[in-house]
Amino acid sequence: MSEPGINQLSQALKQNTSVRHLILSNNKISDFAAAALADLLKVNHFIGWVVLSNNAVGTFGIKSIADALLQNKGVLHLVLSDNPINDEAGVYLVNALKKNTTVQSLFIQGTQIGNKTAEALLQLMKNTQLKTIDIRDTSITDQTLLAKLKEEAQNNGVFLRSEEHTSELQSPCN
């Protein structure tokens, strides 16, 4: 979907209370188009699923979405997998989630987040409403930190997917 198309869609959905799932995977959505979607999320609190996997959403787009989540109390599941999300954007997003009390699932598999985002996630898990976090296939290299994340997740009832092949497969929608 083109950037003007995303802008038109965002405008059309701002007052729409019937759309519950915004699924825009595989659309080459850029940072600026993601910012338009973030503007939508600031006013439409009825969308529960935001799925933007496999796009081109980077730092600016993720920061825009994170800022929108500070106001949005409707998004329950955020799927941002397979986007060029780095640690700067990852930490910013996690810090926004500390203030958002409704997001229950965060999927950031296949991104470029690293140890800094993992450290922020560790702090988030100490007091979170998140039930599912997917960080498989990322740039997290600190195995000690990863072990702490797994332990904190277990202690707080968070389903953490951190390895490509896990024996404890569960539905991410629980």
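## Two loop residues with positive phi

Let's start with Asn-54, which sits in the loop between strand 2 (49-51) and helix 3. Keep in mind that everything here comes from a predicted model. The phi angle of Asn-54 is near 55°, a positive value in a residue that isn't glycine. That deserves a second look, because most residues other than glycine have a negative phi. How open to the outside is Asn-54, then? Its relative accessibility is 41%, so Asn-54 counts as partly exposed, since that class runs between 20% and 50%.

Asn-26 also has a positive phi without being a glycine, with a value near 60°. You'll find Asn-26 in the loop between strand 1 (21-23) and helix 2. At a relative accessible area of 54%, Asn-26 is exposed, because the cut-off for that label is over 50%.

## The chain as a whole

Now zoom out. The chain has six helices and six strands. Follow the chain from the N terminus and the elements run α-β-α-β-α-β-α-β-α-β-α-β.

What about overall size? The C-alpha trace spans about 45 × 25 × 25 Å along its principal axes. A compact globule with 174 residues would have a radius of gyration near 16 Å, and the chain has 15 Å, so the two agree. Of the 174 residues, 51% count as buried. The contacts also reach a long way along the sequence: among those between residues at least 6 apart, 83% join residues at least 24 apart.

## The nonpolar core

In soluble globular proteins, nonpolar side chains tend to be buried together. Here, the largest nonpolar core has 50 residues. Those with the most contacts inside this core are Ile-29, Leu-78, Leu-80, Leu-93, Leu-121, Ile-135 and Leu-149. Who supplies the core? Helix 1 (3-13), helix 2 (31-43), helix 3 (59-69), helix 4 (87-99), helix 5 (115-125) and helix 6 (143-155) each give at least two residues. The largest share, seven residues, comes from helix 2.

Take Leu-121 as an example. Setting aside neighbours within four places in sequence, Leu-121 is in contact with Val-94, Leu-106, Ile-108, Ile-133, Ile-135 and Leu-149. Two of these partners, Ile-135 and Leu-149, are also on the list of residues with the most contacts inside the core.

## Helix 2 and helix 3

Two packed helices are described by the angle between their axes and the distance between the axes. The axes of helix 2 and helix 3 come within 8 Å and cross at roughly 5°. Angles under 35 degrees count as roughly parallel, and therefore helix 2 and helix 3 get that description. On the helix 2 side, the residues that meet helix 3 are Asp-31, Phe-32, Ala-34, Ala-35, Ala-38, Leu-41 and Lys-42. Their partners in helix 3 are Thr-59, Phe-60, Gly-61, Ser-64, Ile-65 and Ala-68. Sorted by class, this contact has eight nonpolar, three polar and two charged residues.

Ala-33 is in helix 2 as well. Is Ala-33 buried or exposed? With 1% relative accessibility, Ala-33 counts as buried, because the limit for buried is under 20%. Leaving out residues up to four places away in sequence, Ala-33 touches Glu-3 and Ile-6. For a sense of distance, the C-alpha atoms of Ala-33 and Val-103 are separated by 22 Å, with their places 70 residues apart along the chain.

## Helix 4, helix 5 and Ile-113

Helix 4 and helix 5 pack at an angle of about 10°, with their axes 8 Å apart. They are therefore roughly parallel to each other. Helix 4 brings Asp-87, Gly-90, Val-91, Val-94, Leu-97 and Lys-98 to the contact. Helix 5 answers with Asn-115, Lys-116, Thr-117, Ala-120, Leu-121, Gln-123 and Leu-124. By class, that makes six nonpolar, four polar and three charged residues.

Ile-113 lies in the loop between strand 4 (105-107) and helix 5. Even though Ile-113 is in a loop, its relative accessible area is 0%, so Ile-113 is buried. Not counting residues up to four places away in sequence, Ile-113 touches Ile-85, Asn-86, Asp-87, Gly-90, Ile-108, Ile-135, Thr-138, Ser-139 and Ile-140. One of these partners makes a neat example: Asp-87 is 26 residues from Ile-113 along the chain, yet their C-alpha atoms are separated by 4.6 Å.

Definitions and conventions
Residues are numbered from 1 along each chain as its sequence is written. This is a predicted model: local features need pLDDT of at least 70, side-chain atom pairs count only at pLDDT 80 or more; totals for chains, interfaces and linings use all residues. Side-chain values use heavy atoms; hydrogens and water are left out. A nonpolar core is a set of buried Ala, Val, Leu, Ile, Met, Phe, Trp, Tyr and Cys residues joined through side-chain atoms within 4.5 Å. Buried means under 20% relative accessible area, exposed over 50%, partly exposed in between (1.4 Å probe, protein chains only). Helices (H or I, at least four residues) and strands (E, at least two) are DSSP runs, numbered from the N terminus. Contact means heavy atoms within 4.5 Å. Axes are lines fitted to C-alpha atoms, for helices over the stretch in contact, and angles run from 0 to 180 degrees between N-to-C directions. Angles under 35 degrees count as roughly parallel, over 145 as roughly antiparallel, 65 to 115 as roughly perpendicular and the rest as oblique. Ala, Val, Leu, Ile, Met, Phe, Trp, Tyr, Cys and Pro count as nonpolar, Asp, Glu, Lys and Arg as charged, and the others, Gly among them, as polar. The radius of gyration is taken over C-alpha atoms; the globule rule is 2.2 Å times the number of residues to the power 0.38.
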